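Open the model in your viewer and keep the selection tool at hand. We will go from single residues to helices, then to a cavity and some strands.

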Amino acid sequence: MASAADGIGGTEQSHISVPVADPGAWATAMNNLGIMPMGLTGQQLVSDSICIQGFDPNLGIITPINPMMAGISLVPPPPVQPELPVIKEIIHCKSCTLFPQNPNLPPPSTRERPPGCKTVFVGGLPENASEEIIREVFDQCGEIIAIRKSKKNFCHIRFSEEFMVDKALYLSGYRMRIGSSTDKKDSGRIHVDFAQARDDLYEWECKQRLLAREERHRRKIQEDRLRPPSPPPIMHYSEHEVGLLAERLKDDNKFSEAIAVLFTWIERGEVNRRTANHFYSMIQSANSHVRRLMNEKAQHEEEMELAKEHFKNSLLAILTQFEQITAVFTAATRQKAWDHFSKAQRKNIDIWRKQCEELRNAHSEEIMGIRREEEMEMSDEDLEENPCKKIRMDDSTLAAQSCALREENDSLRWQLDAYRNEVELLKKEQGKAHRSEEDHTHEQQLHFLQQTMHTMQQQLLRLQEDLKSKELELEQARDEQRYLEGEVFSLREKLLNSSDSVEGTNHTAEAPEKGLNGTAVLYHHREKNNEVVMRGPLRSEKEALLLGVISTFLHVHPFGANIEYLWSYIQRLDAKISASELERLMVRLPNMFKQEFSGVGATLEKRWKFCGFEALNSA
């Protein structure tokens, strides 16, 4: 894009520097079809990326071609609204003027766009049109490489870039008039089209061939990179190579490569009467490695046995830990510990115990399978009578027998533990039926405790609200106290400032005393009202009826009853009554009802009792 922009907006066009009557005509006309407008001084009026987007000069095409460019048959007609036709305006140049064609006429036709076309054919030029005038008109479309003018009224113009051809096609259909002359030789309707006889075709073909060569080279590099490596070449047979190969056959590190060379020579047919002794000695050297390989195999087998033994010991340690965890779960499920867990905790412990037992059984089966495989391998080895292992068995026969007896003892002990666990599971399943009734009782107690806790939370919320209201009242009382103290202070100042008479002084001295007395009376009255609210008498007949029912109910229950139980009984008589109203009524009468707490911890419960007779006896 940089080269294209330089070709369009270059400042070499110094010969077009005279202003015209309408400097915006060219920009308006170019912008109508999405072509980058330029000033007459060669300066771009808009950026090149607006009109020619995605242009890549290396590809030699415009991607995508602006659909609004006239004369391009590769795309459908311009996607403009039918009620807004493209308006071509008059273009004023230094030596000529271009007039647009009638908008009602169809647009000029063009040929199919040749690939890599940078040359346009311009026909219909005035007879008096010179190369300078043609350059002046088409220099606005971009940098011109060459102009080939014919003796007739046409020429070929070659641009530096392909997108400049699309800008030149916009001028097709304009009528050119040189100066202000009305002579027929000074006017003509120009026709711009893609050139057929063009000299840039060879350049385009060379460029395409270069791209094809680069593509082939890239593909070849890719294929070479993905091709598997060739095997190393095998040298030909000779006396010198035989000596080197014999030395390499004796070396343990180079034996693999040397044996491959020996195999290749034998396959090629290098063995004959003259070379048989050499090949025999090399085969003998290869045979000497058999004992080394057997020793290495025996060593690896010993390492494998040690690894198996380590693996088996690790599995046994894991199984032992499983047994310990299972014993912990079994101890936790006994009656003396089981009763202290909650229902959720019991459920989790039961789930964990089952999972642990399943894993332990699976682990035990895995160990038993490993032992069966070892026994089968031992029997197969006895049948095969491997000499190396037979020697080792002779050396450690007693140790192997004792180890086998120990393993058999361990397996029997594990089976006994598994049977014992199954018996315990059966006992627990039988005991679950007896524990179902206890679980039901525990659930009822838990539900009752939840209800009690909910009631206590509601009471706590109500107490918090009452505390907030009391705090507000206390704040108001403090404000009133501050106000009265200010009044007293002002009255004292008046007393000090007044020196009229003794009567005025006495009268003034009585005023703060009244103010102070009034404050005391106000506080006393407020405390009295609060006491009446908290411990006042019955306010209505409904409260008297409730008092009688509550007294009778609590008298029947000498150990007391909680507020939910009392409220459920009274709600049968009056469905509109609430538990908070009952509690407030009993709080207001402390001489008849008292509140006690029973239980410890989670069984803590708040009960109300009737104490009217006790208050009567004390009175």
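**Stop 1: phenylalanine 279**

Select phenylalanine 279. In this predicted model, it counts as buried, because its relative accessibility is 3%, and the cut-off for buried is under 20%. Phenylalanine 279 sits in helix H9.

What does phenylalanine 279 contact, leaving aside its neighbours within four places in sequence? Show Tyr237, Leu262, Trp265, Ile266, Glu270 and Val271 as sticks; these are the contacts. Now add alanine 246. Its C-alpha atom is 9.3 Å from that of phenylalanine 279, with the two positions 33 residues apart along the chain.

**Stop 2: helix H9**

Widen the selection to residues 276–287, which make up helix H9. This helix has twelve residues. From first C-alpha to last, H9 reaches 16 Å, close to the 16 Å expected at 1.5 Å a residue.

Colour the buried residues of H9: Phe279, Met282, Ser285 and Ala286. Why do they fall on the same side of H9? They cover an arc of only 115° around the axis, which puts them there. The background is simple: an α-helix has 3.6 residues a turn, so residues three or four places apart point the same way.

Turn the view to the face away from the buried side. Asn277, Tyr280 and Asn287 are the exposed residues on that face of H9.

Which helices do the buried residues of H9 pack against? Select H7 (239–250), H8 (255–268) and H10 (289–332) to see these partners.

**Stop 3: helix H7**

Stay with H7. Its end C-alpha atoms are 17 Å apart. That agrees with the 16 Å that its twelve residues should span at 1.5 Å a residue.

Select Glu241, Val242, Leu245 and Leu249, the buried residues of H7. They share one side of H7, because their arc around the axis is only 100°. Cover for these buried residues includes H8, H9 and H10.

Now rotate H7 to look at the face turned away from its buried side. There you find the exposed residues His240, Glu247 and Lys250.

**Stop 4: the largest cavity**

Zoom out and run a cavity display. How many cavities of 30 Å³ or more does a search of the whole structure find? It finds five. Go to the largest cavity, which holds about 60 Å³ of space.

Select its lining: Thr452, Thr455, Met456, Gln459, Asn562, Ile563, Glu564, Lys606 and Trp608. Helix H14 (397–497), H17 and strand E12 (605–610) are the elements that each give two or more residues to this lining. H14 gives the most, with four residues.

**Stop 5: asparagine 562 and helix H17**

Pick asparagine 562 out of that lining. It belongs to the loop between helix H16 (541–556) and helix H17 (563–570). Is asparagine 562 buried or exposed? Asparagine 562 is buried, as its relative accessible area is 5%. Beyond its neighbours within four places in sequence, asparagine 562 is in contact with Phe448, Glu605, Lys606 and Arg607. Lys606 is thus a contact of asparagine 562 and also part of the cavity lining.

Step forward into H17. Ile563, Leu566 and Ile570 are its buried residues. They cover an arc of only 65° around the axis, which puts them on the same side of H17.

**Stop 6: two strand residues**

Jump to threonine 97, in strand E4 (residues 96–99). Threonine 97 is buried, with a relative accessible area of 11%. Leaving aside neighbours within four places in sequence, its contacts are Ile90, Ile91, His92, Arg175, Met176, Arg177 and Gly179.

Keep Arg175 and Met176 on screen and select glycine 188. Both residues are contacts of glycine 188, along with Gly124, Pro126 and Tyr174, leaving aside neighbours within four places in sequence. Glycine 188 lies in strand E9 (residues 187–189). With 14% relative accessibility, glycine 188 counts as buried. Draw a C-alpha to C-alpha line from glycine 188 to arginine 175: the pair is 13 residues apart in sequence and 5.6 Å apart in space.

**Last stop: the whole protein**

Clear the selection and show everything. The protein has 19 helices and twelve strands. Of its 619 residues, 29% are buried. Among contacts with a separation of 6 or more, 66% join residues 24 or more positions apart. Finally, show the surface: the accessible area comes to about 41300 Å², and 57% of it belongs to carbon and sulfur atoms.

Definitions and conventions:
Residues are numbered from 1 along each chain as its sequence is written. This is a predicted model: local features need pLDDT of at least 70, side-chain atom pairs count only at pLDDT 80 or more; totals for chains, interfaces and linings use all residues. Side-chain values use heavy atoms; hydrogens and water are left out. Buried means under 20% relative accessible area, exposed over 50%, partly exposed in between (1.4 Å probe, protein chains only). Contact means heavy atoms within 4.5 Å. Accessible areas come from the Shrake-Rupley method with a 1.4 Å probe; for residues, only the protein chains shown count as cover. The expected span of a helix is 1.5 Å times one less than its number of residues. The arc is that of the directions from the helix axis to the C-beta atoms. On a 1 Å grid over the protein atoms alone, a cavity is a set of points where a 1.4 Å probe fits but cannot get out, and a pocket is an open set with protein on both sides within 12 Å along at least five of seven lines; lining residues have an atom within 4 Å of a point. Grid points are joined across faces, edges and corners, and a volume is the space filled by probe spheres set on the points.
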